[in-house]
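Please walk me through this protein structure, beginning with one residue and then turning to the whole chain.

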Amino acid sequence: MHHSAAEDALREFAEATGIPVSETQAGRGSLRHDHPAELGSIGHTGTAVSDDIARQADLVIGVGTRYSDFTTASRTLFANPDVRFVNVNITGHDAVKQAATPVVGDARESLRALTRELDGHRVSDDYVREYSEGQRRWAEVVERTTKAADGGERPGQAEVLGVMDEVLADTDVVINAAGSMPEDLNKLWRAKDPRQYHVEYGYSCMGYEIPAALGARLADQEREVFALVGDGTYLMMPTELVTAVQEGIKINLVVVQNHGYASIGGLSEKVGGERFGTAYRYRDEHGAFSGEPLPVDLAANAASLGMDVLRATTVDELRDALRTARASARPTAVYVETDPAKAQLPPEAWWDVPVAEVSTRQSTQLARKRYEENLRERRNHL
């Protein structure tokens, strides 16, 4: 969508027909978050309204999408027994996915042609009211999840996004790639510009964020760039910060520290592994990873690489630090320790992560039972 510069064509199509729009990670920001036809992200990391509408749809028009595992909720999302697909894609093998009627062509020109062909057609008022009510309910979820009740408390990860939403301008760029943050961003970020949302999530590329921030800043120095990096990703590859300092490339690094691998911990719990080894802790007397927390100080590390570093321990301090970083002319890191007890929103749709068939652990046995139940919902659209 973005490579074709098809955003205006998409908006005109949606406004002419009333057909709602859901977005993949790669297409986020194609419509502003508050557009009347915008339902937000789709699939495993999707919004409730987007996934509910997808389950009922009798026709799905895929524009530039590859129908990835997350997008289709591992082939369980499009549940209407009569659903059919029309796919617009410049790549033939993506155009025929889901046993679709393929349209091999440019997204922008194809959408313009489709708008002309559908001149006079509009979905029913009842359908518009249905998805509009779903939009309203989801907007309430986003507001409730991202806004802290007390500015003096430690923020959760979702509240970090809420504070950033307050501080950043519409044209500022948010970059992320790996961990639990892409899921929260996909559900909760209110994209205001087609180039604001920059999340590489094809293969959960740990370490992409900082070099991508350098590239985005060099490409357009009128935009402030914020790279969101979890502690696991920071430990993987922080070294391009030295390049930012050396070359004077103004990027804003937001280091979100929860002292562990939140994404892998969640997956471990899902498959019955009980988050084994996913927290930064010493071993206890029995050899398990439940001892005292490790004295990891990523803010000190960023400072040692030449970054200006601002520490924030509360919601209010985070807001002030982000404003200071944004106004600075130097590469700046904002370091915030989050409260891991503030849980993420649960997924709205399934994702196929296999679970051991044979195990003595009750948690794994229960996870396997749930896994087999979900497998039965999988469909092949042939």
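**One residue, then the whole**

Not counting neighbours within four places in sequence, T45 is in contact with F70, E183, N186 and K187, where contact means heavy atoms within 4.5 Å. This is a predicted model, in which local features need pLDDT of at least 70 and side-chain atom pairs count only at pLDDT 80 or more, while totals for chains, interfaces and linings use all residues. Residues are numbered from 1 along each chain as its sequence is written, and side-chain values use heavy atoms, with hydrogens and water left out.

T45 sits in the loop between β2 (38–41) and α2 (48–56). Helices (H or I, at least four residues) and strands (E, at least two) are DSSP runs, numbered from the N terminus. With a relative accessible area of 3%, T45 is buried; buried means under 20% relative accessible area, exposed over 50%, and partly exposed in between, using a 1.4 Å probe and protein chains only.

The protein as a whole has 14 helices and eleven strands. Of its 382 residues, 47% count as buried. Among contacts in the protein with a separation of 6 or more, 66% join residues 24 or more positions apart.

The C-alpha trace spans about 65 × 55 × 40 Å along its principal axes. The radius of gyration of the protein is 22 Å, which agrees with the value near 21 Å for a compact globule with 382 residues. That radius is taken over C-alpha atoms, and the globule rule is 2.2 Å times the number of residues to the power 0.38.
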